[in-house]
Amino acid sequence: MSSMHRLTTAVLASALLCVMSATVATAQEEEPPMPPPGDRFAALLSGSASFVPNKECPFGVLSVVDASGVSTIGEVSLQTEHCATLGAPTVPAGRMTMAVEGGDQITGTYFVDCSPPLPSPGESGLVTCPGRYLFAQGTGAFSEVVGTAHTHSYVWFPGTLEAQEWPWIAELHGSIGY
């Protein structure tokens, strides 16, 4: 990991700690109702966002996050993906897979509403994306998973769309049953 990536991750982590106690007030029409409560769930993740050409997406770009971290269910790695919504800050239904220690997986969807929109090219800046993850399916110990987690995720826009990876960090809190 480069020293610039470590510095950016440290800055994002500091920003995250400042807002971790904030509540998410994002209500979206497309969101399904909350599932029944389960055990408390929380996670702190860091990684990177990248943008992959994809002909199936309306704008031809798939946004992918690869991250890892710690949670109340153990160490986890997370991959999310959604078609880039150029000019629109809302991600109506992204797909997520969370791999848990031991190889079990949790899959589901997520909804986020990012603001501000990306800074102008040449300007760097932090983009904040509050939203919600919905846990719908799983394998192994999580085969009957149900749950939801509110999120605050942050991505650092480096000032150019040519950057291969953008630093990403998130905290999730909610409930999970399995």
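1. Phe 135 is a useful place to start. Leaving aside its neighbours within four places in sequence, this residue is in contact with Phe 41, Met 96, Met 98, Ile 106, Thr 107, Val 145, Val 146, Gly 147, Thr 148, Ala 149, Ser 175 and Ile 176. Note that the model is predicted, and the remarks below should be read with that in mind.

2. Phe 135 belongs to the largest nonpolar core, which has 31 residues. Phe 135 is also among the residues with the most contacts inside this core, together with Phe 41, Met 98, Ile 106 and Trp 168. Each of S1, S2, S3, strand S4 (90-100), S5, S6, strand S7 (146-157) and S8 supplies at least two residues. S8 gives the largest share, 5 residues. As a general point, nonpolar side chains in soluble globular proteins tend to be buried together.

3. How many helices and strands does the chain have? There is 1 helix, and there are 8 strands. Along the sequence the order is α-β-β-β-β-β-β-β-β, with the helix placed ahead of the strands.

4. The strands form a closed barrel of 8 strands, running S1-S2-S3-S4-S5-S6-S7-S8 with antiparallel pairing. From one strand to the next, the twist averages 25°.

5. Strand S1 (residues 39-53) shows how the barrel closes. On one side, S1 and S2 pair in the antiparallel sense over 11 bridges. Within this pairing, Phe 51 stands opposite Ser 63 in S2, and Gly 47 stands opposite Ala 67 in S2. S1 is also joined to strand S8 (residues 166-177) by 11 bridges, and these two strands run antiparallel. Here Asp 39 stands opposite Ile 176 in S8. Ile 176 was named in point 1 as a contact of Phe 135.

6. Is Ser 50, a residue of strand S1, buried or exposed? Ser 50 counts as buried because its relative accessibility is 18%, and the cut-off for buried is under 20%. Not counting residues up to four places away in sequence, Ser 50 touches Leu 62, Ser 63, Val 64, Gln 164 and Glu 165. Ser 63, one of these, is the residue of S2 that stands opposite Phe 51.

7. The structure holds 2 disulfides. A disulfide is a covalent bond between the sulfur atoms of two cysteines. If the bonded cysteines of the chain are numbered in sequence order, the pairing reads 1-2, 3-4.

8. One disulfide joins Cys 57 to Cys 83, with an S to S distance of 2.2 Å. This pair links distant parts of the chain: Cys 57 is in the loop between S1 and strand S2 (61-71), Cys 83 is in strand S3 (residues 74-83), and the two are 26 residues apart. The link is left-handed, with -75° about the S-S bond. Cys 57 counts as buried because its relative accessibility is 6%, whereas Cys 83 is partly exposed, with a relative accessible area of 26%.

9. The other disulfide is formed by Cys 114 and Cys 129, whose sulfur atoms are 2.1 Å apart. Cys 114 lies in the loop between strand S5 (105-113) and strand S6 (125-138), and Cys 129 lies in strand S6, so the pair ties together parts that are 15 residues apart in sequence. With 110° about the S-S bond, this link is right-handed. Both Cys 114 and Cys 129 are buried.

10. Ser 115 lies in the loop between S5 and S6. Which residues does Ser 115 contact, leaving aside its neighbours within four places in sequence? They are Val 127 and Thr 128. Ser 115 and Val 127 are 12 residues apart in sequence, while their C-alpha atoms are 5.8 Å apart in space. Ser 115 is described as partly exposed because its relative accessible area is 41%.

11. Some totals for the chain follow. Buried residues account for 41% of its 178 residues. The accessible surface comes to about 9200 Å², and 57% of this belongs to carbon and sulfur atoms. Of the contacts between residues at least 6 apart in sequence, 56% join residues at least 24 apart.

Methods:
Residues are numbered from 1 along each chain as its sequence is written. This is a predicted model: local features need pLDDT of at least 70, side-chain atom pairs count only at pLDDT 80 or more; totals for chains, interfaces and linings use all residues. Side-chain values use heavy atoms; hydrogens and water are left out. Helices (H or I, at least four residues) and strands (E, at least two) are DSSP runs, numbered from the N terminus. Buried means under 20% relative accessible area, exposed over 50%, partly exposed in between (1.4 Å probe, protein chains only). Contact means heavy atoms within 4.5 Å. Accessible areas come from the Shrake-Rupley method with a 1.4 Å probe; for residues, only the protein chains shown count as cover. A disulfide is a pair of cysteine sulfur atoms within 2.5 Å. Two strands pair if DSSP finds at least two bridges between them. Axes are lines fitted to C-alpha atoms, for helices over the stretch in contact, and angles run from 0 to 180 degrees between N-to-C directions. A nonpolar core is a set of buried Ala, Val, Leu, Ile, Met, Phe, Trp, Tyr and Cys residues joined through side-chain atoms within 4.5 Å.
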